[in-house]
Amino acid sequence: MRTGFPDFRLGNVLATSFTGTLSERHGNAVERIPTPQRLVDWLAVSGLSVDSCTTAQLDLARELREAIHAAATAAAIQDALPAPAVQVINDYSAQGRAAAILTPEGKRRWRLSSASGVEDALSVIAADAISIIAGERDGKLALCASPTCRAAFFDTSQSRTRKWCDMNTCGNRQKKARFNANQRKIPRSAE
């Protein structure tokens, strides 16, 4: 990966991992795909390799990312899905030329043709968003408990009670803050 950029936060669900390319939305936002090449990098590690990306295609990707975030957030709090977000997701889903393939391990992967571009990869991400928002997969949408993050994530834990989008960042940060607050409450003995 290119140095000088924040690490990608990759999960098991393509659509919510994509929304995680903008994190800390309610704090100091961290843009993880600030350049077209960085989007190419993210797509590659997500199994959707494309040769190139323009600034205009990066803008399209960000439009889809925000639509997925809005719809997934609404679904997680059991609110009405925002019509503009639904329209964007549907439009992107309909425009792609990707094929679902079955791996020898019994997993579904997406194959883009050699002529595929960013729009085809975005179509796959939109289709994934549709499947999780529509409740077609085993799990549930939830929102990160971190007040600065509030990312939508897909909880596939057995109890469906996961609190953090990522335990290594948001969960660890919250546990550390709670520990430090508890340490301040403990009176120091006179030395």
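**Close-up views of the predicted model**

**Figure 1. Arginine R38 in helix α2.** Residue R38 is part of helix α2, which covers residues 36–45. The structure shown in this and the following figures is a predicted model. Because its relative accessibility is 2%, below the 20% limit for burial, R38 counts as buried. A polar atom of the R38 side chain lies 3.3 Å from the backbone oxygen of R32. The view also takes in L58, which is 20 residues from R38 in sequence. In space, the C-alpha atoms of R38 and L58 are 9.3 Å apart.

**Figure 2. The surroundings of helix α2.** Helix α2 is mostly covered, with 7 of its 10 residues buried. These buried residues are P36, R38, L39, V40, D41, W42 and L43. Their cover includes helices α1, α3 and α5. After α2 comes G47, a residue with a positive phi near 80°.

**Figure 3. The largest nonpolar core.** This core comprises 39 residues, and the members that touch the most others are F18, L39, L64 and I125. Two or more residues each come from the helices α1 (14–19), α2, α3 (55–76), α4 (83–94) and α5 (118–133), and from the strands β5 (140–143) and β6 (152–155). Helix α5 makes the greatest contribution to the core, with 9 residues. Apart from this core lies another, made up of 8 residues, including A142, C144, C149 and F153.

**Figure 4. Contacts of I125 in the largest nonpolar core.** Residue I125 is one of the four members that touch the most other residues of this core. When residues up to four places away in sequence are left aside, I125 touches L14, A15, F18, W42, L43, L48, L64 and I68. Two of the residues named here, F18 and L64, are themselves listed with I125 among the members that touch the most others. W42 and L43 are also among the buried residues of α2.

**Figure 5. Aspartate D120 in helix α5.** Residue D120 is located in helix α5. Its relative accessible area is 4%, under the 20% limit, and D120 is therefore buried. The side chains of D120 and R97 make a polar contact at 2.9 Å. Beyond residues up to four places away in sequence, D120 touches Q95, G96, R97 and L112. L112 also appears in the next view, where the residue opposite L112 is A98.

**Figure 6. The hairpin of strands β3 and β4.** Strand β3 spans residues 98–102 and strand β4 spans residues 108–112; the two pair in the antiparallel sense over 5 bridges. At one position of this pairing, A98 stands opposite L112 of β4. A99 has R111 of β4 as its bridge partner. Between the two strands of the hairpin are 5 residues. In the turn, G106 has a positive phi of about 85°.

**Figure 7. The largest pocket.** The volume of the largest pocket is about 560 Å³. Its lining consists of 19 residues, and those nearest the centre of the pocket are N12, V13, L14, R108 and R109. At least two lining residues are supplied by each of α1, α2 and β4. Strand β4 gives the most to the lining, with 3 residues. L14, named here near the centre of the pocket, is also touched by I125.

**Figure 8. The whole chain, for orientation.** The close-up views belong to a protein with 6 helices and 6 strands. Along the sequence, the order of these elements is α-β-β-α-α-α-β-β-α-β-β-α. The C-alpha trace spans about 70 × 40 × 35 Å along its principal axes. Of the 191 residues, 39% count as buried. Among contacts with a separation of 6 or more, 56% are between residues 24 or more positions apart.

Definitions and conventions: Residues numbered from 1 in each chain as written. Heavy atoms only, no water. Pairing = 2+ DSSP bridges. Helix = DSSP H or I, 4+ residues; strand = E, 2+ residues; numbered from the N terminus. Buried < 20%, exposed > 50% of the residue type's maximum accessible area, 1.4 Å probe, protein only. Polar contact = N/O pair within 3.5 Å; in protein donor to acceptor, adjacent residues only side chain to side chain. Core = buried A, V, L, I, M, F, W, Y, C linked by side-chain atoms within 4.5 Å. Contact = heavy atoms within 4.5 Å. 1 Å grid on protein atoms, 1.4 Å probe; cavity = no way out; pocket = protein on both sides within 12 Å on 5 of 7 lines; lining within 4 Å. Points joined across faces, edges and corners; volume = space filled by probe spheres on them.
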